[in-house]
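Me: I'd like a close look at one part of this model, the metal site, and then a quick tour of whatever else is worth seeing around the chain. Could you walk me through it in plain terms?

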Amino acid sequence: MIDIKTGQPADADILVIPVLAERVIAAGSEHVPDLDSLSSLMDSHDFTGKTGESLFVQLPRGPTEELLLVGLGDEADTEALRRAAAVAARKTKTYRVVATTMHDVGIDSSVDAVVVGTLLGLYSFDEYKSKPKESRVAALVLVGGDVAVSEIADAVIVADAVSLARDLINRPAWDKPPAAIADIALGLSADVSVKVYDKTGIEEAGFGGLIAVNLGADRPARMVVMTYSPQDADKTVVFVGKGIVFDSGGLSIKPASGMEAMKTDMAGAAAVMAAVKAIAELKLSVNVVGITPLTENLTGGSALKPGDVMRAYNGKTIEVLNTDAEGRLVLADGLALGIESEPDLIIDIATLTGACKVALGNSIAGLFASTDEAAAIVAAAAESAGEKVWRLPLEPEYRSLIESDIADMKNTAGRWGGAITAALILAEFVGDTPWVHLDIAGPGRSEKSEHYISTGGTGFGVRTLIEVARSLESRHDS
Ligand code: MN
Ligand code: MN
């Protein structure tokens with residue numbers, strides 16, 4: 001736990017100062033005793049203030065003995081600030097108390113950006129290290145500006161939620177059977193009521209997609225429904241997260257290298273759990289239902305076979321020609337269950353298709369939407385969270401590609417446009433409810449650590465879902 005508070009540079013071991021391109025100090029120049037010599041130091045070290053740059057400076061006299069300059073680039077926008085805060089956090093993790101003026105650059109949400117960037121920059125997953133490398137940082141001191149304690153507290157809730165999602169994603173599949181994830185959901189927050197469907201409950205409810213995918217696994221599936229309903233809320237949003245705890249591909253088995261990262265195939269479910277927890281802790285005035293179908297996709301003796309037909313919760317049938325296209329089967333149940341709450345908006349989030357990763361790369365999620373308004377709400381939320389999304393089409397002409405000879409649809413339509421045909425299958429389960437599908441196969445996990453992203457699960461989507469809830473929140477004037 002890092003203590004984050006307001007204070008003075010004298011309280012700290014090092015002071016972080018943000019610098020814009022052209023070596024313009026963005027905030028905190030009054031704490032630098034000799035600006036001329038600082039300027040020539042930047043010059044001699046080729047430090048220009050570009051994004052990602054940093055420079056340690058020893059001060060002969062001043063409020064602290066050391067400064068760290070961090071570059072913000074041409075313009076101090078919120079995302080540049082988040083990233084620079086994370087760069088600073090990584091650089092200063094051997095200090096006990098770090099002061100910063102980064103939040104005082106005069107842009108919106110700057111306290112949130114600095115706190116979230118700092119805490120996520122310091123994130124590491126070391127549950128399985130015998131000797132974890134601990135950060136020494138005990139406190140972050142925000143110097144200057146007009147900082148409300150509640151702004152700091154809210155930002156910590158958001159950063160903790162992303163860290164929770166990362167922990168869940170990074171945990172090995174062995175240690176997160178569906179029942180264990182359901183137990184974590186039960187303990188998320190006193191303000192969230194949780195219903196867990198066990199094996200019998202799933203069969204009685206008729207979650208046929210979840211049953212089908214779970215056939216090849218020994219450990220039973222769970223369907224988890226988390227509900228947060230504050231007294232004064234008008235709007236309701238439903239989140240559905242794909243929770244494939246491990247995806248071997250089933251009998252349509254993946255090559256060995258394609259399986260290495262497959263403990264992360266529950267990143268959507270992790271994002272939903274973390275977002276619901278944060279929204280409850282932030283006490284946002286909006287009803288939220290989080291749904292996570294959880295199972296492994298394995299190859300046991302009873303495994304789902306290509307050619308099998310399953311019947312989803314809403315009665316529609318899907319012919320399964322490729323058992324590695326399993327996410328859409330469990331999401332079909334989750335979405336069909338979710339619209340029963342008659343929400344104003346339903347959003348699913350899933351590491352769904354390699355095709356989306358081919359289309360948009362590792363940093364951008366595919367966004368599909370049934371209405372322009374729903375797309376706009378989620379795109380705006382993602383923008384303010386600093387999470388990149390790009391809208392792809394629900395092309396009606398491609399519907400014919402998922403027609404089956406013997407069922408209502410088939411679960412795969414071949415290689416081309418695979419992200420779109422997957423979304424078209426999901427569209428069969430949302431009725432007329434305004435719906436957005438986020439395909440996070442790319443940004444849900446990362447192979448490198450940079451700024452506030454670390455290797456493994458990224459927690460992508462947590463902040464977007466929280467921002468969606470913020471944008472739907474009722475404002476009751478009293
Ligand atoms: Mn798969
Ligand atoms: Mn999968």
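Reply: One cut-off before we start: a residue is called buried when its relative accessible area is under 20%, exposed when that is over 50%, and partly exposed in between. Also keep in mind that this is a predicted model.

Now the metal site. The manganese ion (ligand 1) takes its protein donors from Asp-247 (OD), Asp-324 (O and OD) and Glu-326 (OE), at 2.1 to 2.2 Å. So Asp-324 gives both a backbone-type O and a side-chain OD label in that list. Along the sequence, the donor residues follow the spacing D-x76-D-x1-E. Asp-247 has a second job: it bridges the manganese ion (ligand 1) and the manganese ion (ligand 2), and those two ions lie 3.1 Å apart.How open are the donors to the outside? Asp-324 is partly exposed, because its relative accessibility is 24%. Glu-326 has a relative accessibility of 1%, so it counts as buried.

Next, a pair of helices. Helix α10 (residues 327–338) packs against helix α13 (residues 418–427) at an angle of about 30°, and their axes are 9 Å apart. The crossing of α10 past α13 is right-handed. On the α10 side the contact is made by Arg-328, Leu-331 and Leu-335, and on the α13 side by Ala-422, Ile-425 and Leu-426. Sorted by class, that makes 5 nonpolar residues, 1 charged and no polar ones.

Helix α9 (residues 267–281) is a handy sanity check on geometry. With 15 residues at 1.5 Å a residue it should span 21 Å, and its end C-alpha atoms are 21 Å apart, so the two agree. Of those 15 residues, 13 are buried, which means the rest of the structure largely encloses α9. Just after α9, Lys-283 takes a positive phi of about 55°.

Last stop, Val-19, which sits in strand β2 (residues 14–20). Its relative accessibility is 0%, so by the cut-off above it is buried. Which residues does Val-19 touch, leaving aside its neighbours within four places in sequence? Its contacts are Val-24, Ile-25, Ala-26, Met-42, Phe-47, Gly-49, Leu-69, Val-70, Gly-71, Leu-72 and Gly-73. For a sense of distance, take Val-19 and Val-213: they are 194 residues apart in sequence, and 52 Å separate them in space, C-alpha to C-alpha.

Definitions and conventions:
Residues are numbered from 1 along each chain as its sequence is written. Chains are lettered from A and ligands numbered from 1 in the order in which they are written. This is a predicted model: local features need pLDDT of at least 70, side-chain atom pairs count only at pLDDT 80 or more; totals for chains, interfaces and linings use all residues. Side-chain values use heavy atoms; hydrogens and water are left out. Axes are lines fitted to C-alpha atoms, for helices over the stretch in contact, and angles run from 0 to 180 degrees between N-to-C directions. Helices (H or I, at least four residues) and strands (E, at least two) are DSSP runs, numbered from the N terminus. A crossing is left-handed if the near helix is turned anticlockwise from the far one by less than a right angle, and right-handed if clockwise. Contact means heavy atoms within 4.5 Å. Ala, Val, Leu, Ile, Met, Phe, Trp, Tyr, Cys and Pro count as nonpolar, Asp, Glu, Lys and Arg as charged, and the others, Gly among them, as polar. Donors are N, O and S atoms within 2.8 Å of the metal (3.2 Å for Na, K and Ca); water is not among the atoms, so sites may look incomplete. Buried means under 20% relative accessible area, exposed over 50%, partly exposed in between (1.4 Å probe, protein chains only). The expected span of a helix is 1.5 Å times one less than its number of residues.
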